[in-house]
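Please consider the following protein model, looking at the sequence and the three-dimensional structure together. The paragraphs below lead through it step by step.

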Amino acid sequence: MTIPQPPPLPRIIGHRGAMGHAPENTLASIDKAAALGCRWVEFDVKLTADGEIVLMHDDTLDRTTDGSGPVAGTTLDALRRLDAGRWFSADFTGERVPTLDEAMAALARRGMGANVEIKPCKGREAETGAAVARALAEHGMNAPQPPFVSSFSATALAAARDVAPALPRAFLTVVYLPGWAAQLEQLGCACFHVLDRLINERRVRNIREAGFRPLAFTVDHGARAGQLLSWGVESIITNYPDRMPNG
Ligand code: G3P
Ligand code: MG
């Protein structure tokens, strides 16, 4: 089967919205990314205790909300009562943990695209990958910019592929292993998102020559972003879209 492709991506993608400026993975962070000119954002999703998909990076609530304990042990109802903004700044008091549907609706209103990173809690990899793919296939594919998923978890990506084969996928890595091309091929991933410090010009060329699309995370220095783009990296995922080169 041919590998499903995301649409052509912009040079700059906001990380967890624009997490340098607003509480990560919230609607306020998406707003901020939009205000800074982003046309696409990356955000992380995982499952609540009752199987709902929410925007959250960590497995626990403690760092980014005023709650505590595991996300996987918290229902959506309970999660909704938490403040997800005040930890960042008093200006964001009252910000809530959004659901995937709410984030997709906010993006659709602005004509923006989503790189939905599947960030499963341990032991829920396949369940999370399948749930996210099902949700995006049902609602997101009609978005003005069709979304794509990414993950560090091969299990989650395989489950997403099995549920929604046409949903474009990306493989994330923080270790550059020799078998990356076979892994991407096997998972049907069009894009390879690589940790910034692992990237050099030769690797960008290798990825492109193998027929895959290289993206870089997380890059906050404009000069480095410019270098990566000049080598042929398609998009830079950044906490600070305002520090990136223009154009
Ligand atoms: O998707 C790129 C990047 O977000 C992966 O790392 O930990 O920030 O989700 P993390
Ligand atoms: Mg992420």
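Helices (H or I, at least four residues) and strands (E, at least two) are DSSP runs, numbered from the N terminus. The model discussed here is a predicted one. With these labels, a residue can be placed: Met112 belongs to the loop that lies between helix H3 (100-110) and strand E4.

Is Met112 buried or exposed? A residue is called buried when its relative accessible area is under 20%. Met112 has a relative accessible area of 5%, and therefore it is buried. Its contacts, not counting residues up to four places away in sequence, are Ile30, Ala34, Cys38, Arg39, Val41, Leu107 and Gln145. One of these, Arg39, is 73 residues from Met112 in sequence, yet the two C-alpha atoms are 5.0 Å apart in space.

Arg11 provides another case. Arg11 is found in the segment before strand E1 (12-15). Partly exposed residues fall between the limits of 20% and 50%; Arg11 has a relative accessibility of 35%, so it counts as partly exposed. In sequence, Arg11 and Arg86 are 75 residues apart, and their C-alpha atoms are separated by 31 Å in space.

The next element is strand E4, which comprises residues 113-118. The strand is mostly covered, as 6 of its 6 residues are buried. On one side these are Gly113, Asn115 and Glu117, and on the other Ala114, Val116 and Ile118, with the result that both faces are covered.

Which strands pair with E4? One is strand E2 (residues 40-47), which pairs with E4 in the parallel sense over 6 bridges. Within this pairing, Trp40 has Gly113 of E4 as its bridge partner. Another is strand E5 (residues 148-151), which is also parallel to E4 and is joined to it over 3 bridges. Here Phe148 of E5 is the bridge partner of Asn115. Helix H4 (residues 125-138) completes the arrangement, for E4, H4 and E5 form a right-handed β-α-β unit.

Strands E2 and E4 also bring us to a metal site. Which residues supply the protein donors of the magnesium ion (ligand 2)? They are Glu42 (OE), Asp44 (OD) and Glu117 (OE), at 2.0 to 2.1 Å from the ion. The spacing of the donor residues in sequence is E-x1-D-x72-E. Distant parts of the chain are thus linked: Glu42 lies in strand E2 and Glu117 in strand E4, 75 residues apart. Glu42 and Glu117 are both buried.

A second group of strands can be followed from E7 (191-195) onwards. Strand E8 (residues 213-217) is mostly covered, with 5 of its 5 residues buried. Arg213, Leu215 and Phe217 point one way from E8, while Pro214 and Ala216 point the other way. E7 and E8 pair in the parallel sense over 5 bridges, and Val194 stands opposite Ala216 in E8. Between these two strands the chain passes through helix H7, making a right-handed β-α-β crossover. E8 in turn runs parallel to strand E9 (residues 235-238), to which 3 bridges join it; Phe217 stands opposite Ile237 in E9. The chain reaches E9 from E8 through helix H8 (residues 222-231), and this β-α-β crossover is right-handed as well.

Helix H6 (residues 180-187) shows how a helix may have two sides. Its buried residues are Trp180, Leu184 and Leu187. They lie on the same side of H6 because they cover an arc of only 75° around the axis. Ala182, Glu185 and Gln186, on the other side, are exposed. The buried residues pack against helix H5 (154-163), strand E6 (169-173), strand E7 (191-195) and helix H7 (201-209). Just after the helix, Gly188 adopts a positive phi of about 65°.

Finally, the interior may be considered. The largest nonpolar core contains 65 residues, and those with the most contacts inside it are Phe43, Leu100, Val116, Val132 and Ile236. Not counting residues up to four places away in sequence, Ile236 touches residues including Arg11, Ile12, Ile13, Ala216 and Met244. Another core lies apart from the largest one; it has 9 residues, among them Leu76, Leu79, Leu82 and Ala84.

Definitions and conventions:
Residues are numbered from 1 along each chain as its sequence is written. Chains are lettered from A and ligands numbered from 1 in the order in which they are written. This is a predicted model: local features need pLDDT of at least 70, side-chain atom pairs count only at pLDDT 80 or more; totals for chains, interfaces and linings use all residues. Side-chain values use heavy atoms; hydrogens and water are left out. Buried means under 20% relative accessible area, exposed over 50%, partly exposed in between (1.4 Å probe, protein chains only). The arc is that of the directions from the helix axis to the C-beta atoms. Contact means heavy atoms within 4.5 Å. Two strands pair if DSSP finds at least two bridges between them. A crossover is right-handed if, with the strands pointing away from the viewer, the path from the first strand over the helix to the second runs clockwise. Donors are N, O and S atoms within 2.8 Å of the metal (3.2 Å for Na, K and Ca); water is not among the atoms, so sites may look incomplete. A nonpolar core is a set of buried Ala, Val, Leu, Ile, Met, Phe, Trp, Tyr and Cys residues joined through side-chain atoms within 4.5 Å.
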